[in-house]
Amino acid sequence: EEPGLIRLKIEWGTETLDIVNAYAPSQPVGRIDFINGLRQKASPGCLAGGDWNTVPNTALDVDSANPL
């Protein structure tokens with residue numbers, strides 16, 4: 001069991017689907033450690049989604065007078 005992760009493995013015919021839902025920490029250091037640790041926890045072909053607590057452009061999304 002890992003805080004911030006929900007994992008589901010589904011048998012689909014002869015395949016196993018590995019689905020991961022993540023909620024990354026909001027603090028940068030914790031978030032970096034969390035995301036780097038996912039590589040060890042997820043299978044190579046897993047589908048991962050969730051709230052990564054990141055923004056593509058901090059000038060627009062965080063510091064702007066009109067944040068998105």
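**View 1. The exposed and buried sides of helix 1.** On one side of helix 1 in this predicted model, the residues V29, I32, D33, R39 and Q40 are exposed, and this side lies opposite the one that holds the buried residues. Those buried residues of helix 1 are R31, F34, G37 and L38. They lie on the same side of the helix because they cover an arc of only 135 degrees around its axis. As a general rule, an α-helix has 3.6 residues a turn, so residues three or four places apart point the same way.

**View 2. The span of helix 1 and what its buried residues pack against.** Helix 1, which runs over residues 28–41, has 14 residues, and from its first C-alpha to its last it reaches 20 Å, close to the 20 Å expected at 1.5 Å a residue. The buried residues of this helix pack against two strands, namely strand 1 and strand 2.

**View 3. Strand 2, helix 1 and strand 3 as one unit.** Taken together, strand 2, helix 1 and strand 3 form a β-α-β unit that is right-handed. The two strands of this unit, strand 2 with residues 15–23 and strand 3 with residues 47–51, pair in the parallel sense, and 5 bridges are found between them. Within this pairing, A22 has G50 of strand 3 standing opposite.

**View 4. The salt bridge between R7 and D18.** When the whole structure is searched, 1 salt bridge is found. In a salt bridge of this model, the side chains of R7 and D18 meet at 2.7 Å, taken from N to O. The pair links distant parts of the chain, since R7 belongs to strand 1 (residues 5–12) and D18 to strand 2, with their positions 11 residues apart in the numbering. As for their surroundings, R7 is partly exposed, with a relative accessible area of 40%, whereas D18 counts as buried, at 6% relative accessibility.

**View 5. The surroundings of G4.** G4 is placed in the segment before strand 1, and with a relative accessible area of 31% this glycine is partly exposed. If residues up to four places away in sequence are not counted, G4 touches N21, A22, Y23 and F34. Of these contacts, A22 is the residue that stands opposite G50 in strand 3, while F34 is one of the buried residues of helix 1. G4 and D51 are 47 residues apart in sequence, and their C-alpha atoms are 9.6 Å apart in space.

How values were computed. Residues are numbered from 1 along each chain as its sequence is written. This is a predicted model: local features need pLDDT of at least 70, side-chain atom pairs count only at pLDDT 80 or more; totals for chains, interfaces and linings use all residues. Side-chain values use heavy atoms; hydrogens and water are left out. Two strands pair if DSSP finds at least two bridges between them. Helices (H or I, at least four residues) and strands (E, at least two) are DSSP runs, numbered from the N terminus. A crossover is right-handed if, with the strands pointing away from the viewer, the path from the first strand over the helix to the second runs clockwise. A salt bridge is a side-chain nitrogen of Lys or Arg within 4 Å of a carboxyl oxygen of Asp or Glu. Buried means under 20% relative accessible area, exposed over 50%, partly exposed in between (1.4 Å probe, protein chains only). The expected span of a helix is 1.5 Å times one less than its number of residues. The arc is that of the directions from the helix axis to the C-beta atoms. Contact means heavy atoms within 4.5 Å.
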